[in-house]
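Me: I would like to go through this structure step by step, with each answer reasoned from what can be computed from the atoms.

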Amino acid sequence: MRLPFGSLNWKDFSSKKAQLLEENDSLAGSLLSPSDYTVTRKYEKGTAIPADTSSFRDEVRRINDAREAAIEATSTTEELHGISGFTDLPYPNSIAEWKATREAAAAKAAAEAAAAESSESSES
C-alpha cells in the first residue's frame, strides 16, 4: 500500500516530516480499526482474540514503529523523499492477506525441509 506523497511540497522538511508521521499513523490506525472490536470484546467479555488477528495487529504495529523510526532518522528532504514510499516496509492489507502470507511461507518452509530431508536420505 503506497501513501499519496506525489503532490506534497518537499521544501519544508520539518512540516513534511510531521505530515509523513501523521499519515503513517493514520494508515496504521485504519488497518487496525476493523479488528478493534475483538480487543474490546476481550476486555468486556473475556472472549479470546483470534491468533491471526493478534498477529496481524502486532505486524501492523511493528511496521508502523519501523516506518516511524525511518522517518525520524532522516535529516534532509532528500532522505525523507527517498524513504517515503516504504517499498521495503509494506503494510498487510487485511487479516486474511496476513494469514494467507503466513500460511504460504509455512508451506514453503515445510516443502523445503522435506526436500532437504529427502536429499539427505538419498545420499546415505
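What follows is a set of questions and answers on a predicted model.

Me: Which pattern does the protein chain follow when read along the sequence?
Reply: In this predicted model, the secondary structure of the protein chain comes to five helices and zero strands. Read along the sequence, the chain therefore has helical elements alone to list, a helix being a DSSP run of H or I with at least four residues. The pattern is α-α-α-α-α.

Me: What share of the contacts with a separation of 6 or more comes from residues 24 or more positions apart?
Reply: The protein chain has 124 residues, of which 27% are buried, and it exposes about 7900 Å², with carbon and sulfur atoms supplying 53% of that area. Among contacts with a separation of 6 or more, the share that comes from residues 24 or more positions apart is 66%.

Me: Which helix gives the most to the largest nonpolar core?
Reply: The largest nonpolar core has 15 residues, and those with the most contacts inside it are L31, F56, V60, I71 and Y91. Helix 1 and helix 3, the latter spanning 51–72, each supply at least two residues of this core. With six residues, the element that gives the most is helix 1.

Me: Which residues does I71 touch, not counting residues up to four places away in sequence?
Reply: I71 is one of the residues with the most contacts inside the largest nonpolar core. Leaving out residues up to four places away in sequence, the residues that I71 touches are K17, L20, L21, L80, I83 and F86.

Me: Is N24 buried or exposed?
Reply: N24 is found in helix 1, which covers residues 13–32, and its side chain is joined to that of R67 by a polar contact of 3.4 Å. Because the relative accessible area of N24 is 0%, and the cut-off is under 20%, N24 counts as buried.

Me: How many residues apart are K17 and E72, whose side chains meet in a salt bridge?
Reply: Side chains of opposite charge can pair when their charged atoms come close. The side chains of K17 and E72 meet in a salt bridge of 4.0 Å, N to O. This pair links distant parts of the chain, with K17 in helix 1 and E72 in helix 3, and the separation is 55 residues.

Me: Which of these two counts as buried, K17 or E72?
Reply: A residue must be under 20% relative accessible area to count as buried. E72 is at 44% and so counts as partly exposed, whereas at 14% the buried residue is K17.

Me: Which helices hold D52 and K99?
Reply: The side chains of D52 and K99 meet in a salt bridge at 3.6 Å, N to O. D52, at 21% relative accessibility, counts as partly exposed, and K99, at 36%, also counts as partly exposed. The pair links distant parts of the chain, 47 residues apart, and the elements that hold D52 and K99 are, respectively, helix 3 and helix 5.

Me: Is E59, which forms a salt bridge with R62, buried or exposed?
Reply: The closest N and O atoms of R62 and E59 are 2.8 Å apart, and both residues lie in helix 3, three residues apart, about one turn of the helix. R62 counts as partly exposed at 44% relative accessibility. E59 is at 15% relative accessibility, and so E59 counts as buried.

Me: Which residues do salt bridges that share partners join into one network?
Reply: The count of salt bridges comes to six, and the pair of D52 and K99 is one of them. Through shared partners, the residues joined into one network are D52, K99 and R102.

Technical notes:
Residues are numbered from 1 along each chain as its sequence is written. This is a predicted model: local features need pLDDT of at least 70, side-chain atom pairs count only at pLDDT 80 or more; totals for chains, interfaces and linings use all residues. Side-chain values use heavy atoms; hydrogens and water are left out. Buried means under 20% relative accessible area, exposed over 50%, partly exposed in between (1.4 Å probe, protein chains only). A polar contact is a pair of N or O atoms within 3.5 Å; within protein, one must be able to donate a hydrogen and the other to accept it, and residues adjacent in sequence count only if both atoms are side-chain atoms. A nonpolar core is a set of buried Ala, Val, Leu, Ile, Met, Phe, Trp, Tyr and Cys residues joined through side-chain atoms within 4.5 Å. Contact means heavy atoms within 4.5 Å. Accessible areas come from the Shrake-Rupley method with a 1.4 Å probe; for residues, only the protein chains shown count as cover.
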